[in-house]
Amino acid sequence: MAAAGQRAHRRARRRDRPPARLPGGAAAGAALRRFPGMSTPASFAPQGLDHYAGRIRAALAPALGVDASDLQLERPRHDGMGDFALPCFRYAEGRGGNPAALAARLAAELSIEQVAAAAAGPFLNFSVDRAALAATILADCGRPDFGGGASEETTLVEFSSPNIAKPMHVGHLRTTVIGAALARIHAHLGERVVRLNHLGDWGSQFGKLVAAWRRWGAEAALEADPIAHLLELYVRYHQEEGADPGLDAESKSAFQELESGQDNDTRRVWKRFTELSLQEFDKVYRRLGSEFDFIRGESWYEDKLAPLLAWLEQRGVLEESEGATIIDLEGEGISTPCLVKTAHGTTLYATRDLAAAKSRWEEFAFDRCLYVVGQEQILHFRQLFAALRRAGCGWADRCQHIPFGLVRMAEGKLSTREGRVLALKDLLDRAVELAAEVIQEKNPDMAGQAAAAEMVGLGAVIFHDLKHQRSKDVVFDWKEVLSFEGDTGPYLQYTHARCCAIVRKAGRPVPPLSEVDPGLLADSPELLVALGRFPQAVREAAEKNEPMVLAQHLLKIGAAANAFYRDRRVLGSEPPLEAVRLCAVDRLRRVLALGLGLLGVPTPEEM
RNA sequence: GCGCCCGUAGCUCAACUGGAUAGAGCACCGGACUUCUAAUCCGGUUGUUGCAGGUUCAAGUCCUGCCGGGCGUGCCA
């Protein structure tokens, strides 16, 4: 059993929000709206730099005779080259000119309010007037919905999905943290988000567990530390199964009792294991700020399996092969068929996922359904979606696997069966402990040190996970994960806390925009541009389902912020300067809190 | 065997899905705290983007073939 985001089985618990009502049945429209380049989709009011991108497009489109949405506006590679760039190569092609000449001509001809155009060889660079930009940024960044949108689509996010009776370990960190971040990011864009925890609570392994419990289980140990004891039983089972054929028979019969659906002792034991596990998981979820609208294990779909199989049969996609029931996927370009029933008649992982997908579609009519599950299951999801397509589900294209790389320990492979795991709780505790030491050293007089340490420690772990591309494997390195310097969560938390301190110590309210002169911020273009690009970062993170995009952008804002208040004294400066800088610091504080909040990184006001 | 993912500075990673001189952090060296938190800032050093071809005005990015690592590959989840 691999280290990363497993998903497994049954029995669901519903909590919190009521089952959402969907506006009018089958939602129409493309599952995934594409946001080409730096365009601003209609559902988003222009924010930050978007204002100017819109103007530039509007001016360029007629000049080039192309549709505004086809314009490829880019970020210049280096600061100082402007705020937007248009490579002119492709536009020069059709009209016989050379790109540099076209750029020069456009630079001379274009007249855009508050935007200067300059040719740089074949590139046309645009610079936004600093004072105008400052005014825009100060106005937009103060809003709590900065970078937000008005999409009315419905997005399902399935994430975390640990197996019951096993500890959550570092492998679960990624799915839990990435999934929660994606859910928040999509929600910020206005989407109606449904968070699902597809617990691994079903399957033959629970027959094994119950069998092991009957042989060696100890009530006292179970109550003291349920998951530790259950893991112990699981490990022991695998140690002894080879030498003891009776075990296998016991576990098979236990699983049959479980699957029978009848209320018997096996089922009661299993149910108790589930509840004990959930209590433990909840502690971690609370710390990580992860919430679910529905905790539905695989078992929740149990009574939907028979109808599903009947439906598949009716659709004519089932075949028998070597005694098993399969859906052939050759026509979908997948040589491995999807198995929905074993030769012994039991259902499989894929069967439950098919039932789950169909049930979710019928309940939520989603515009997209994201499965945040490790990339070792890529084939499984390809099969799942292909099988749905074969069964005639057009909505299968709205389902998307969001894979991520494996977490591996530097010392070697993680293995649940061998009992070698790094429990997530231990990782978090260690991070918090270290954060407490640093706070004690750097800010010994602060009140509420324990609370701050919890936030900083968790912030370090969460941000570390989110700042990398999902697809890359991660070699877990204590030193790196627990680093609080440089491009880290605590760096951003620190920046936020500094901004909070300045606002707090100002001894007066942040002046309203009408009372400041934004032009006085013209000396800090990096800061303005970094803040101004925040909406684009949120959008791109959602579009790619890649929180890293937002994390990386927050680092840019953080760097600009630190340089800003390092060189520009706020409090005690000339009154007009103090006013506008205070205003800027306030916006920084808000945007950092907003962005970090989307990622799930806590934002202490002092640390 | 076949399929998918990854390969960028000593280390950890970016690079806006084909654009400008490939950028950050860590580490190392040197500077900056009687003033809003030095968990910071400023400056310096670091590249055959795994290898070889190909497409293109333009390739880290696309196509082919290799090398290396990881993960999958019908009755587990």
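Over which residues does pLDDT stay under 50, with 21 contacts beyond four places in sequence in the model? Select residues 412-418, for they are the stretch in which pLDDT stays under 50, and the model has 21 contacts for them beyond four places in sequence. This is a predicted model, and if you now colour the whole of chain A by pLDDT, you are looking at a chain with a mean of 89, in which 90% of the residues reach 70 or more. Turn next to residues 1-42, where the pLDDT is below 50, although this stretch has 150 contacts in the model beyond near neighbours in sequence.

For the next stop, select helix α19, residues 534-544, which is mostly covered, since eight of its 11 residues are buried. Show the side chains of the buried residues, among them Phe534, Gln536, Val538 and Arg539, and then bring up α1 (50-64), α5, α18 (525-532), α20 (547-567) and α21 (575-599), against which the buried residues of α19 pack. Just after the helix, click on Asn545, whose phi is positive, near 50°.

The last stop is an enclosed space. The structure holds seven cavities of 30 Å³ or more, and the second largest has a volume of about 80 Å³. To find it, select its lining: Val170, Leu173, Arg174, Val407, Val461, His464, Asp465, His468, Val474, Phe476 and Val481. Two or more of the lining residues come from each of α5 (170-188), α15 (449-466) and β14 (474-476), and by class the lining has seven nonpolar, two polar and two charged residues. Finally, colour domain 1 (12-27 + 151-409) and domain 3 (459-599) separately: both give residues to this lining, so the second largest cavity lies between them.

Methods
Residues numbered from 1 in each chain as written. Chains lettered and ligands numbered in written order. Heavy atoms only, no water. 1 Å grid on protein atoms, 1.4 Å probe; cavity = no way out; pocket = protein on both sides within 12 Å on 5 of 7 lines; lining within 4 Å. Points joined across faces, edges and corners; volume = space filled by probe spheres on them. Helix = DSSP H or I, 4+ residues; strand = E, 2+ residues; numbered from the N terminus. Nonpolar A, V, L, I, M, F, W, Y, C, P; charged D, E, K, R; others polar. Domains from an automatic or database assignment. pLDDT = per-residue confidence, 0-100. Contact = heavy atoms within 4.5 Å. Buried < 20%, exposed > 50% of the residue type's maximum accessible area, 1.4 Å probe, protein only.
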